[in-house]
Amino acid sequence: MAPINRLLKKWYHLLVVLVSLFLVQFPNLHAPAKFLAEYVGLAALWLTVVSTELDRKPFSLHGAYHALVLSTLVAGSFVSRLVLRRFGIFSSPFFAPILLLGLLTDRRLTISVAVFSSALLIVSIEPSSFDFSLLLVCNIVTAVASSGLKKRLQIVRPAFFAVICNVSFLLLGLFSKEKVFLDRNLLLSLLVPFLFSVVDLGLLPFVEYASLIYSDIDLVELGNMNHPLIKLLSLRAPGTYYHSAVVANLAEAAAEKIGANPILARTAAYFHDIGKVKRPYFYTENIEDKNPHDELNPKLSHLIVLDHVKYGQELARRHRLPLLVQDVIPQHHGTRVQKYFYHKAKEMGDNLSEDEFRYIGPKPQFKEAGIIMLADSVEAAFRSVKNPTASRIRSLVEEIVSGIYNERELDESGLTLKDLEAVADEFAKVLLNMFKSRIEYPKEEIKKVIVLAESPNHKPNKVQSPDQENSENS
C-alpha cells in the first residue's frame, strides 16, 4: 500500500505530465491507444528520474520548488511545440526552460528534467535516433553548463555549448543519410540559443521574486552588504554585524571545501542574526558596560533572546529574502539549549528542565544551514580566547564541532563525519589567517601636531619667500 499512497500523493505530477504531452502534440494528437502508451511511459520516466530528485533536500522543504519545476515544464512544452513546428529540431526547442532551471536549482535536478524533456519532445514528432540523440545531448549539455553560474555575463556559456552541439550534429547529418539543410539550420543553430539566453535573463528577476527561489547570480548581489537590512544591522547592532561578517567568511570557506553552495552559505550568514536589530543591547557582542541580563530572571532572559529568531523570520518574510536564507534564521540555533540561562536558573534554585530553555528549531535541514550553526558557535566561543595560538584554535574548533554533533543537532543536515572533519580544518585555517599577528614596524619619532598647536609657547614656522630662501642658501 505504501507505494500506492506515495503515487496518490503525486497525482498532480501525473496530471502535469499529461498536460505537457497534450501540449507538445496539439493539434495533431496521436491515436488514443498510442497516446495512452506514450503517457504511461513518460509518467514512469518522470516518477523514476525527476520526482525522486524533487524528493531531495532542499527541494522537498518547500512546495515552491515543485511549483517551479512543474510550471516550467508546462510552459516549456507549450513554447517548445511552437518552436519545434516552426523552426525544426536544430532550434534548441527546450533550451530556455532547462537554462532557467539550471540557474535556480542544482545540476542533478536540471539534468533529470533535460532527459525527460528530450523524451517528451521526441514523441511529438516522427521519432528518429538522430533527432533523439541531438535533443538528448543538447539538453544535457545545456543543463550541465547552466549550473553554478555566478555572473550575468556567464549566461552565454550554455548557449555557446548548445551551439557547438547543434553545429556538430548538423555536420554529422550532412555526411549521413539524414535530410538536413545547411543554410537555414545553421542560422538557427547559431542564433536561437543566444536569443533564449536573453529571454531567460529578462525573466529571471520576476521568477525569483514570485517564487523566492534565487539563482547564485542574485544571491551574490544580495550579499554585497548594500541590502537595507544589513545596513540597519550595522547601525543598530555593530557587534552583531561584525559577528555575521566573520561567520560568513567561515561558512563560505567550509561550504566550498565540502562541495556545498558557498554563495548561499555566505549570503545566509549575513542575515542569520538579523532579528537582533530589535533590542540589540541584550546580546553579548553588543554589550559595552553593564549586562542587562544580570537584573533579569533567567527565564525572561531566555524569552528575550528567543525573540530575535521570530523577529528575524518576520523581517526576512517582509523583505522577501530567499526561502533558504529564511530557513537558516531558525535552523542555525536548531533545538539547542541556552545553557548559560539554564545553569543560572539552577543556581538560583529554580526547578526547571532543559527543554524550557531550548530554541524552537527546527534542526538544520541542509548542509549550508548546518555549517552556519557550527560557524556561529565557533565565532562566539573564539571571542573569549586570549592569546590565540594554532593549537588553541584547533582544539576550540574541534570541541565545538564535536559538541554540536553529540547533541544530534546535525542529524538532518546531510553533513557526514568526513564533512565535519573538513569543516573543522577549514574553520581553524580561516581563524588563523584572520587573527594572525601582524609584523611590528620599526617605530619612528613623530611630532604630535595637535599638542604643539595647543601649546602657548609654540611658535609656528614662518613662511619664507623664495627670495629669502635663495639668499640664505647662497
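Arg 394 is partly exposed at 34% relative accessibility; the term covers 20% to 50% relative accessible area, with buried under 20% and exposed over 50% (1.4 Å probe, protein chains only). Its side chain meets Asp 425 in a salt bridge (3.5 Å, N to O). A salt bridge here is a side-chain nitrogen of Lys or Arg within 4 Å of a carboxyl oxygen of Asp or Glu. Asp 425 is partly exposed too, at 31%.

This is a predicted model: local features need pLDDT of at least 70 and side-chain atom pairs pLDDT 80 or more, while totals for chains, interfaces and linings use all residues. Residues are numbered from 1 along each chain as its sequence is written, and side-chain values use heavy atoms, without hydrogens and water.

The whole structure holds 20 salt bridges. Three of them are tabulated.

| Pair | Closest N to O | Separation in sequence |
|---|---|---|
| Asp 425 and Arg 394 | 3.5 Å | 31 residues |
| Asp 307 and Arg 279 | 3.1 Å | 28 residues |
| Arg 152 and Glu 221 | 3.4 Å | 69 residues |

Glu 53, Arg 56, Asp 106 and Arg 108 form a salt-bridge network.

Now the interior. The largest nonpolar core has 133 residues, and Trp 46, Ile 371 and Phe 427 touch the most other members. Such a core is a set of buried Ala, Val, Leu, Ile, Met, Phe, Trp, Tyr and Cys residues joined through side-chain atoms within 4.5 Å. Beyond its neighbours within four places in sequence, Phe 427 has contacts (heavy atoms within 4.5 Å) that include Leu 250, Ile 371 and Val 397.

Notes: Helices (H or I, at least four residues) and strands (E, at least two) are DSSP runs, numbered from the N terminus.
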